[in-house]
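Here is a friendly briefing to read alongside the model. Please keep the viewer open as you go through the points.

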Amino acid sequence: MEMLTRLVGESRQMEETRTNVSQGSKEGEVKLVKLTVQDDIGSYLIMFERVMRAYEVKENWSAVKLAPQLTGKAQQAYAAMRAEDAGTYKLLKEAILRRYDISDETYRQRFREMVKKEDKTVSELAVRLDDLLQKWTKDCKTVAEVRDLMVCEQLLNVLPRDLKIWVSERKPKTSTEAADMADNYVRA
């Protein structure tokens, strides 16, 4: 029954999209490429978001535009969502990234491990590094928060392995919190 409800809801969304298109909306002109097994999901979503911005597609329509292009794990993530959440692009993107096991930590590691490939320019490397840093630090609102995030990372890097794991598992929000956790662990 839930599946039927979801399909009816999605059908209504698609009908609304068609109505929007027939009223001369720029959204109707969007040509998208289906996700393939070879695609990097992060790059695919960046491309998708850029296309949506270029065509001035409202964010509430982005999930409707993306859903039919999904395959494999991304499609499974979409299918596993509650019907009322599936129409929200931000929630859909989060579900897809979770399915691919991509988190802030993934972006941090990729940022730190990034090297220039022979077939890429330094400018392309700089763009990629900026993108990874932006994704890693997306929850930071100020320079001080970015600085604290980097101090916390370095603090964890210099801790003994078992202590680093113990503190990391507790997901401290600040370097001070991480340091306090480590001190309390050592004292115990």
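## A buried glutamate and its surroundings

Glu-49 is buried, its relative accessible area being 18%. The model is a predicted one, so please read each point below as a description of that prediction. The protein has eleven helices and zero strands, and Glu-49 sits in helix α2.

**Glu-49 and its partner**

- Not counting residues up to four places away in sequence, Glu-49 touches Tyr-89 and Lys-93.
- With Lys-93, Glu-49 forms a salt bridge in which the closest N and O atoms are 2.8 Å apart.
- Lys-93 belongs to helix α6 and Glu-49 to helix α2, so this pair ties together parts that are 44 residues apart in sequence.
- The two partners fall into separate accessibility classes: Lys-93 counts as partly exposed at 24%, while Glu-49 is buried at 18%, because the cut-off for buried is under 20% relative accessible area.

**Overall make-up**

- Reading from the N terminus, the order of elements is α-α-α-α-α-α-α-α-α-α-α.
- The protein has 188 residues, and 32% of them count as buried.
- If we take contacts between residues at least 6 apart in sequence, 53% of them join residues at least 24 apart.
- About 12,700 Å² of the protein is exposed, with 54% of that area supplied by carbon and sulfur atoms.

**Nonpolar cores**

- In soluble globular proteins, nonpolar side chains tend to be buried together.
- Here the largest nonpolar core has 30 residues, and those with the most contacts inside it are Ile-41, Leu-45, Leu-66, Leu-70, Leu-92 and Ile-96.
- Two or more residues of this core come from each of α2 (41-54), α3 (59-66), α4 (72-79), α6, α7 and α8.
- Helix α2 gives the most to this core, namely six residues.
- Leu-45 touches Leu-66, Tyr-89, Lys-93, Ile-96 and Leu-97, if residues up to four places away in sequence are not counted.
- There is also a second, separate core of eight residues, and Leu-163, Val-167, Met-181 and Ala-182 are among them.

**Helix α7 and its neighbours**

- Helix α7 covers residues 104-113, and its residues Thr-106, Tyr-107, Arg-108 and Phe-111 are buried.
- The buried residues of α7 pack against three helices, α6 (89-99), α8 (122-136) and α9 (143-158).

**More salt bridges**

- How many salt bridges does the count come to? The count comes to ten.
- One of them joins the side chains of Arg-82 and Asp-85, at 3.6 Å from N to O; Asp-85 counts as partly exposed, with 23% relative accessibility.
- Another joins Asp-131 to Arg-128 through their side chains, at 3.1 Å from N to O.
- Both Asp-131 and Arg-128 lie in helix α8, three residues apart, which is about one turn of the helix.
- Within this pair, Asp-131 is buried at a relative accessible area of 15%, whereas Arg-128 is partly exposed at 26%.
- Glu-105, Arg-108, Arg-112 and Glu-153 are joined into one network by salt bridges that share partners.

**Aromatic rings**

- A search of the whole structure finds three aromatic pairs.
- One of these is formed by Trp-166 and Tyr-185, a tilted pair with 4.7 Å centre to centre and 40° between the planes.
- This pair links distant parts of the chain, as Trp-166 is in helix α10 and Tyr-185 in helix α11, 19 residues apart.
- Trp-166 is partly exposed, with a relative accessible area of 24%, and Tyr-185 is partly exposed too, at 33%.
- A charge also meets a ring elsewhere: Lys-73 lies over the face of Tyr-100, 4.7 Å from the ring centre.

**The loop between α10 and α11**

- Which residue is found in the loop between α10 (161-169) and α11 (175-187)? Arg-170 is found there.
- Arg-170 counts as partly exposed, with a relative accessibility of 39%.
- From C-alpha to C-alpha, Arg-170 and Met-181 are 8.7 Å apart in space, and in sequence they are eleven residues apart.
- Met-181 is one of the residues of the second core described above.

Terms used
Residues numbered from 1 in each chain as written. Predicted model: local features only at pLDDT ≥ 70, side-chain atom pairs only at ≥ 80, totals over all residues. Heavy atoms only, no water. Buried < 20%, exposed > 50% of the residue type's maximum accessible area, 1.4 Å probe, protein only. Helix = DSSP H or I, 4+ residues; strand = E, 2+ residues; numbered from the N terminus. Contact = heavy atoms within 4.5 Å. Core = buried A, V, L, I, M, F, W, Y, C linked by side-chain atoms within 4.5 Å. Areas by Shrake-Rupley, 256 points an atom, 1.4 Å probe, with all protein chains shown as cover. Phe/Tyr/Trp six-rings, centres within 6.5 Å; stacked < 30°, edge-to-face > 60°. Lys NZ or Arg CZ within 6 Å of the ring centre and 35° of its normal. Salt bridge = Lys/Arg side-chain N within 4 Å of Asp/Glu carboxyl O.
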